[in-house]
Amino acid sequence: MDRLLTMASFVKVVQYGSFTAASSDIGISRALVSRHIADLEGRLGVRLLNRTTRAVTTTEAGQQYYETCQRVLHEVRSGEEGVKNLNVDVQGNIAIIAPKWVGYLEVSTALLHFAKRYPKVNVQLTLGGVSTKTHDFLERGFDIAFQTKTIRDSIVKVKKIADISYVTVASPAYLKGAGIPRHPRDLKDHQCLMQTSEPIWRFMADNELVPVKVSPRFSSNSYAVLCVGAVNDLGVAIVPRRVAAQFLEEGQIQEVMTDFRLEDRPLFAAYAPGSNLPRKVRALLTFLGEWFRKHPLT
């Protein structure tokens, strides 16, 4: 007799406390449900149910087997759903918005590979124009917004997809004229290029936080602009390593205060909450997580 079918009958009998109700739910005769239970008890060599004229209850062994059946049947259903989903195309339009500088973080490369994997998905990536209102992207018709700030907004959900490594940099020409800062306190004597929303720079040394309030010579909401400012001898900047990578390689800027590291910061993907997340969005979130595990930003 089919083991899964007999297990399903047993679960229904326990849930309803009745052979009749269980048979009605499953759509088979009461006699066949009884045969299923008898088959299980014969196979296991134990009594699973206590039967009286008023009720059907589990024995101790029956309760334990009931929990086992529930777990097995749930795993089977989940496995079947997973297989079915393999045959369902991920398709449709998906719109993503991100700050311009995020384009340096291989996000565009990741999205190009996503589009290649899912040829029936039309990807639209917009760089720039991210609102300070965390849920504004949904009202504007975007499915996902990349953020680097922790979001406390019940209107959206977030998934961390990567960690971003930062560096403190300046050009050789600037350092020749202004001197090389050795400690965060030295920055008070230097021109600083500040990200608009980060007036306090936080350094770490021997697991101790060293915060410095910055008086900016120049500020911008774009790390790319700050990096260009550093290249052009304007001062000291903190920027993502990936934004600075080419300029560092070419020697146009160099790292300073390497004894004082900067904490990695998260890159989030924000999206609409709810259990009915579109398949295309779920697929992209999964893909991005996998991509940045293989291509870390640190």
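Guide: Before we start, one definition: two strands pair if DSSP finds at least two bridges between them. Also keep in mind that this is a predicted model.

Visitor: OK. Which residue stands opposite G92 in β4?

Guide: V121 is the residue in β4 opposite G92. The two strands involved, β3 and β4 (residues 121-127), are joined by 7 bridges and run parallel.

Visitor: And how many bridges pair β3 with β5?

Guide: There are 2 bridges between β3 and β5, and the pairing is parallel here too. In β5, I144 stands opposite I96.

Visitor: What holds paired strands together in general?

Guide: Strands of a sheet pair through backbone hydrogen bonds, in either a parallel or an antiparallel way.

Visitor: Is β3 mostly covered or mostly open?

Guide: Mostly covered: of the 7 residues in β3, 5 are buried.

Visitor: What packs against β3 (92-98)?

Guide: Helix α10 is one element that does, through its buried residues. Those residues also pack against α5 (107-117), β5 (144-147), β6 (157-164) and β15 (265-271).

Visitor: Which residues of α10 are buried?

Guide: The list is K280, V281, A283, L284, L285, F287, L288, G289, W291 and F292.

Visitor: Why would residues some places apart in a helix point the same way?

Guide: An α-helix has 3.6 residues a turn, so residues three or four places apart point the same way.

Visitor: How many residues does α10 have, and how far does it reach?

Guide: Helix α10 covers residues 279-294, which is 16 residues. From its first C-alpha to its last it reaches 23 Å, close to the 22 Å expected at 1.5 Å a residue.

Visitor: Changing topic. Which strands form the open sheet, and in what order?

Guide: The open sheet has 3 strands in the order β10-β9-β14, with antiparallel pairing. Its edge strands are β10 (208-213) and β14 (261-262), each of which pairs on one side only.

Visitor: How many bridges are there between β9 and β14?

Guide: Strand β9 (residues 200-205) pairs with β14 over 2 bridges, in the antiparallel sense. One bridge has M204 facing its partner R261 in β14.

Visitor: Now charges. How many salt bridges are in the whole structure?

Guide: A search of the whole structure gives 10. Among them is the one between the side chains of E41 and R51, at 3.2 Å from N to O. This pair links distant parts of the chain, 10 residues apart: E41 is in helix α3 (residues 30-44) and R51 is in strand β1 (residues 49-51).

Visitor: Is E41 buried or exposed?

Guide: E41 counts as buried because its relative accessibility is 16%, and the cut-off for buried is under 20%. R51 has a relative accessible area of 42%, so R51 is partly exposed.

Visitor: Which residue forms a salt bridge with K160?

Guide: D163 does, and the closest N and O atoms are 3.2 Å apart. K160 is partly exposed at 47% relative accessibility, and D163 is partly exposed at 30%.

Visitor: What about E198, which residue forms a salt bridge with it?

Guide: R265 forms a salt bridge with E198, and the closest N and O atoms are 2.6 Å apart. The two residues come from distant parts of the chain, 67 residues apart: E198 is in the loop between β8 (192-195) and β9, while R265 is in strand β15. E198 is buried at 10% relative accessibility, whereas R265 is partly exposed at 24%.

Visitor: What else does E198 touch, not counting residues up to four places away in sequence?

Guide: Besides R265, E198 touches K149 and Y223. The side chains of E198 and Y223 are joined by a polar contact of 2.6 Å.

Visitor: Last one. Where is Q195 found?

Guide: Q195 is in strand β8. Its relative accessibility is 9%, so Q195 counts as buried.

Visitor: And what is Q195 in contact with, leaving aside neighbours within four places?

Guide: S220, N221, S222, Y223 and L226. For N221, the backbone oxygen lies 3.2 Å from a polar atom of the Q195 side chain. Nearer in the chain, the side chains of Q195 and S197 are joined by a polar contact of 2.8 Å.

How values were computed
Residues are numbered from 1 along each chain as its sequence is written. This is a predicted model: local features need pLDDT of at least 70, side-chain atom pairs count only at pLDDT 80 or more; totals for chains, interfaces and linings use all residues. Side-chain values use heavy atoms; hydrogens and water are left out. Helices (H or I, at least four residues) and strands (E, at least two) are DSSP runs, numbered from the N terminus. The expected span of a helix is 1.5 Å times one less than its number of residues. Buried means under 20% relative accessible area, exposed over 50%, partly exposed in between (1.4 Å probe, protein chains only). Contact means heavy atoms within 4.5 Å. A salt bridge is a side-chain nitrogen of Lys or Arg within 4 Å of a carboxyl oxygen of Asp or Glu. A polar contact is a pair of N or O atoms within 3.5 Å; within protein, one must be able to donate a hydrogen and the other to accept it, and residues adjacent in sequence count only if both atoms are side-chain atoms.
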